[in-house]
Amino acid sequence: MITFEIYFKEKLKENCLRHKITSPKKPIVRIEYRPRTMSYLLSGTACIFPLSEYLSAQPAIVDVLYILIKDTEDEFDDRCIRNFVLLQDCVNKEELFIQTLSLLESSRLIDSAYTSITSELFNNASIKVLLKTASELIGNPIFLSDNTTKMLECSDTDELAQVNDELIACILKNGFITADLFEKYDYAHLLKDIAKSRKAFFLESRYPEKLNRLIVTVNVNSRYFGWLIAIPYKRDFKPEHCEIMDILANAVSIGLERNKTSLAVSSTENLLMELLTGRFESRDEFLRRVKGFGWTLKDSYNAIVIGYKNPTENNTQHGIRTMMAYKNHLSLIFPAIKSIYTNERLVMLVETIALTQVMYNLEIFITNNNLAASVSNTFSSIIDFREYYEQSSDILNLGLELNKDKSIFYYHEMYLYHCFYSLKKSGRLEHYCMPELKEIIQYDRTYKTNLAETVRAYLKFRNFNDTAKHLKIHRNTLVYRLGKFKELTRLNLSSGDDIYRLWLSFLILDLSRKSLI
């Protein structure tokens, strides 16, 4: 909305000789050039007059803004005029009229955009409807992408498909920008520019295969989410289209925050990031946070971390771009798995029940792309994702340091190495305890048995008679308990590896001062 005061400051002040604005907030509704009569003028009209003609005119009976061009040395009494601006004679009257008319048309289009878009938002319109509303106003297709270049929604897919643009064709085919085009168009720098921008901006293309763009950042819950892009398919861009895109970006942000199901993968990434930063204190708190996002909490999980075999590639520009492309590719292979790109590595939260099948397919991908991956221990509470992500990240570092020929490292293989590596820096030592032992301890609590105590005593004496004597039980009772332990855990008390890992787990429980026994 252009008011008398705004119009004066932006368009007239530079050539002003004298002025008086008594109605600064009055919106300008139309522009008139040398009107023959002022008896029918609307309130809020801006009237352009040569001063000589104004002196002989009948004043308007409503609030108008007189724009007077000084073409005579005659003076006028400004006491009987409420709003006027006296300009130098060098001002081109016809050109000023055309500029003002264009300015008002732009203002009306922006006002119409604000009214239309906010009205749709008030009526709980979908993101697609918001995009379509803005698209009709600027005459060009608009689409929404998250910060991994995935296209989440579009004003009109058929219309976008007719655009002669290499990147648009790639997005429509794959759902995101592939690594080769990511490199060709230097998306690493572009994405940084988008993330830093606060207002919509024009992006001119230097390539014949790529059209110009109008881009604006979208934030969700005050965090960078992605961007909106308009493509000049039918009409050239105009300055007012930037303001319309700004209005649309605000509406889309509100819509995404309100309609959580529209966040799709990116809402998951936001929640995973909150898990990784220790945002949640309890499972119930997390459950309240994710209500409406389509999350269903499972009984057990594993964290998988993927990086390059050569760790120096993780933080190179090429490495980062390529890993983001890998993330998009893996999301198509594993659409149900939640993943996030953080600290130059790809992190996946996998349900334990699906781990075997996931690793079968992942191993092929890892090998073909010269990557390396690590799999954490199993954990049951999703709020422990942060600790087990760090665990998996640590064993990937350790694994590559100890055996660079391998591509996948499992926590149970790196258990002892990681224990000594982690005990120095961790305050929650029980997280490094074997899950099988924790399950037995829980079993003891539930069924009032003492299998864990029995196994610990047996590990100490390694003799049936001595162990039974120490526990003050019959030898047959000892044999039964050890058999039950083996049945529940599938661990072999004759295996040196299993014995050693169990013994260390008992020590960890002692050291943690939160012994589960």
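In this predicted model, strands S3 and S4 (residues 65-69) pair in the parallel sense, over five bridges. Alanine 46 stands opposite leucine 65 in S4. Strand S2 (residues 30-33) also runs parallel to S3, and four bridges join the two. Here arginine 30 is placed opposite threonine 45 of S3. S3 itself spans residues 45-50 and is mostly covered, with six of its six residues buried. Thr45, Cys47 and Phe49 point one way from the strand. Ala46, Ile48 and Pro50 point the other way, and the residues of both sets are buried.

Threonine 100 lies in helix H3 (residues 93-122). Its relative accessibility is 3%, so threonine 100 counts as buried, the cut-off being under 20%. Beyond its neighbours within four places in sequence, threonine 100 contacts Tyr7 and Ile31.

Aromatic residues were examined next. Phe49 of S3 belongs to one aromatic cluster with Tyr54, Tyr66, Phe76 and Phe84. The ring of phenylalanine 76 also lies beneath a charge: the charged end of arginine 18 sits over it, 4.7 Å from its centre. Elsewhere, arginine 456 lies over the face of tryptophan 503, at 5.7 Å from the ring centre.

A search of the whole structure finds 13 aromatic pairs. One of them joins phenylalanine 202 and phenylalanine 237. This pair is tilted, with 40° between the planes and 5.7 Å centre to centre. Phenylalanine 202 lies in strand S8 (residues 201-203), whereas phenylalanine 237 lies in the loop between strand S10 (223-230) and helix H9 (239-258). The pair therefore ties together parts that are 35 residues apart in sequence. The two rings differ in exposure. Phenylalanine 202 is partly exposed, with a relative accessible area of 38%. Phenylalanine 237 is buried, at 18%.

The largest nonpolar core holds 57 residues. Phe286, Ile382, Phe385, Leu437 and Leu502 touch the most other members. Helix H14 (residues 385-402) supplies the largest share of this core, seven residues. Another core, of 30 residues, lies apart from it. Among its members are Ile110, Ile138, Ala230 and Leu256. Within the largest core, leucine 437 is one of the residues that touch the most other members. With neighbours within four places in sequence left aside, leucine 437 is in contact with Ala452, Leu502, Ser505, Phe506 and Leu509.

An open sheet of five strands shows mixed pairing, in the order S12-S13-S11-S14-S15. Its edges are strand S12 (338-342) and strand S15 (408-410), each of which pairs on one side only. From one strand to the next, the twist averages 20°. S12 and strand S13 (residues 345-351) run antiparallel and are joined by five bridges. In this pairing, lysine 338 stands opposite leucine 349 in S13.

Two helices accompany the sheet. Helix H13 (residues 355-368) packs on it, touching strand S11 (301-308), S13, strand S14 (371-375) and S15. The direction of H13 makes about 0° with that of S11. H14 lies across S11, S12, S13, S14 and S15. Its direction runs at about 40° to S11. H14 thus links two parts of this description: the helix lies across the five strands named above, and the largest share of the largest nonpolar core comes from it.

Technical notes
Residues numbered from 1 in each chain as written. Predicted model: local features only at pLDDT ≥ 70, side-chain atom pairs only at ≥ 80, totals over all residues. Heavy atoms only, no water. Buried < 20%, exposed > 50% of the residue type's maximum accessible area, 1.4 Å probe, protein only. Pairing = 2+ DSSP bridges. Contact = heavy atoms within 4.5 Å. Core = buried A, V, L, I, M, F, W, Y, C linked by side-chain atoms within 4.5 Å. Phe/Tyr/Trp six-rings, centres within 6.5 Å; stacked < 30°, edge-to-face > 60°. Lys NZ or Arg CZ within 6 Å of the ring centre and 35° of its normal. Axes fitted to C-alpha atoms, helices over the stretch in contact; angles between N-to-C directions.
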